[in-house]
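Thanks for coming, everyone. I'd like to walk you through one model today, so have a look at the screen and stop me whenever you like.

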Amino acid sequence: MASRLVYGIDVGTTKIVAIAGRVVDGQRGWVEVVGVGEAPSYGLKRGLIVDRDAATESVAAAIEACGGGLHGGTVSVGIAGGHISSSNVEVALLNRSRDRIVTERFVRRLEAEARQTGFAEEEKVIHVVPRSFVLDGTDGVHQPVGLAARKVMMRAHVVSGAISSIQNILGAVEDCGVKVSRVVLEPLASSEACLLDEDRRLGVALIDIGGGTTDIAAFVRGSLTHTDVVPLGGESFSADVAYGLKVPFETADDLKLRYGTVLSHTIDDVAAVRLGERHYNANFISQILEYRAREVLEYARDSLDQVGVRNSLPAGAVLTGGGSLLRGMDELAEKILGMRTKIVMPRQIKGNAEPVRKPQYSTAVGLLYFGAKNDDLRPKGKGARNTSFGSIVSAVKEWFGFGV
Ligand SMILES: Nc1ncnc2c1ncn2[C@@H]1O[C@H](COP(=O)(O)OP(=O)(O)OP(=O)(O)O)[C@@H](O)[C@H]1O
Ligand SMILES: [Mg+2]
């Protein structure tokens, strides 16, 4: 049998990445990267599309750079932004089958039930991630299929987003003639790429500091327990420096990349850095960056506190995304979050690994791993595997309940 292809499109605020992979082991989510294309992102703000044409052109340029077409595989597209909300729900159903055995299909029914739980009319559920099951009062079951039980309760983490924002992202990709198979919450994709099962079992928080958003996913005792999207990222840091120094954004971004640190106490008061003809006070720049970094990290800390998980993360925090590369970010995070922190990039990349071995590519690589793992579980409708260049897809609209 020919090996399965999977594609990912990470529509980021600063860059779009189109990535192609060949599935090596679907269950483990191992994928060999066979192509990567990148283009600067225009038309997005804080993870959301604000100019459809500009965004579409950027996506098209990334696809072009990836080799021009996404043929014969499923396409996963990342989503983030302030419109995302998530919660933990509990749903229960009676298993009326004669032999009392819990089937895969029964679990799907529970998931469908969880999708119905109290979201606003303008929201659409993106993920239902089962956390654990209670079978006739027996708590803490992770694999219910094949076990006997009458009353089955499922605890799940449910993520939803604004229909219009999801539609805009899908639209920009569809306009390039690509059939989208699924949208994936960006921190979940990054988690696939960066986290070890062992970290998840222990309890870990992933914090992806991008250009427009900072995305959070926390796992407690192996289960996804919390997700959040903070509408602040690396661009906010550069914008603050631009404002503080009264220089163009590009100059500020350049200064940040060359000389930036969030540990202002390590920079001498009178130290100067040079860019072009001008000199700038390095300590002032680092104070601006530290102030913003504190705000983002305090937001992440409060987000973990609000759901009471910050003390249940013995594996600590892992930072990824381009914003995590700002010098001193891990040290400051350790202090503010109160847990050990490290900076991570995608792991276990096979094939053309070098271009994506950086924290900026965690989401893109994660989209491949997510696609490889979850394709096996999807209902195999007619043409479900066939991704062709050229047609706008009714399947996506059906899937989102827009009707056709
Ligand atoms: N070495 C570095 N030091 C500091 N900041 C960096 C470095 N490299 C990249 N960045 C910053 O990282 C940000 C981009 O990160 P990333 O590529 O993960 O974002 P994105 O995926 O485009 O955006 P988002 O996920 O928020 O939609 C930019 O603000 C950039 O300035
Ligand atoms: Mg990103």
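Let's start at leucine 5, which stands opposite arginine 22 in strand 2. That pair belongs to strand 1 (residues 5-11) and strand 2 (residues 15-25), which run antiparallel to each other and share seven bridges. When I say strands or helices, I mean DSSP runs counted from the N terminus, with at least two residues (E) for a strand and at least four (H or I) for a helix. Two strands count as paired if DSSP finds at least two bridges between them.

Before I go on: this is a predicted model, so local features need pLDDT of at least 70 and side-chain atom pairs count only at pLDDT 80 or more, while totals for chains, interfaces and linings use all residues. Residues are numbered from 1 along each chain as its sequence is written, and chains are lettered from A and ligands numbered from 1 in the order in which they are written.

Back to that first sheet. It is open, has six strands with mixed pairing, and its order is 11-6-1-2-3-19. At the edges sit strand 11 (182-185) and strand 19 (350-351), each pairing on one side only. Helix 1 (residues 52-65) lies across strand 1, strand 2 and strand 3 (30-40), at about 130° to strand 3. Helix 4 (residues 186-194) packs on this sheet too, touching strand 6 (73-79) and strand 11, and its direction makes about 80° with that of strand 11. Those angles are taken between N-to-C directions, from 0 to 180 degrees, using lines fitted to C-alpha atoms, for helices over the stretch in contact.

Now the other sheet. Here four strands make an open, antiparallel sheet in the order 7-10-8-9. Strand 7 and strand 9 (138-141) are the edges, pairing on one side only. On average, neighbouring strands are turned by 35° against each other, ignoring direction. Strand 7 and strand 10 run antiparallel and are joined by 10 bridges; leucine 94, for example, has lysine 151 in strand 10 as its bridge partner. Helix 2 (residues 104-115) packs on this sheet, touching strand 7, strand 8 and strand 10. Helix 3 (residues 163-174) does so as well, touching strand 8 and strand 10.

What about domains? The assignment, which is automatic or from a database, gives domain 1 (85-160) and domain 2 (199-343). Their C-alpha centres lie 36 Å apart. The contact takes seven residues from domain 1 and four residues from domain 2, where contact means C-beta atoms, placed from the backbone, within 7 Å. On the domain 1 side, strand 8 gives the most, with three residues.

Which residues are closest to ligand 1? They are Gly12, Thr13, Gly210, Gly234 and Gly322, out of 25 residues surrounding the ligand, counted when the C-beta atom, placed from the backbone, lies within 6 Å. Helix 6 (234-245) and helix 7 (249-259) are the elements giving two or more residues to that shell. By class, the shell has four nonpolar, 17 polar and four charged residues. Nonpolar here means Ala, Val, Leu, Ile, Met, Phe, Trp, Tyr, Cys and Pro, charged means Asp, Glu, Lys and Arg, and the others, Gly among them, are polar.

Last, confidence. The protein chain averages a pLDDT of 90, and 92% of the residues score at least 70; pLDDT is the predictor's confidence in each residue, from 0 to 100. Over residues 377-404, pLDDT stays under 50. Where pLDDT is low, the predicted coordinates should not be read in detail.

Notes
Two residues are in contact if their C-beta atoms, placed from the backbone, lie within 7 Å.
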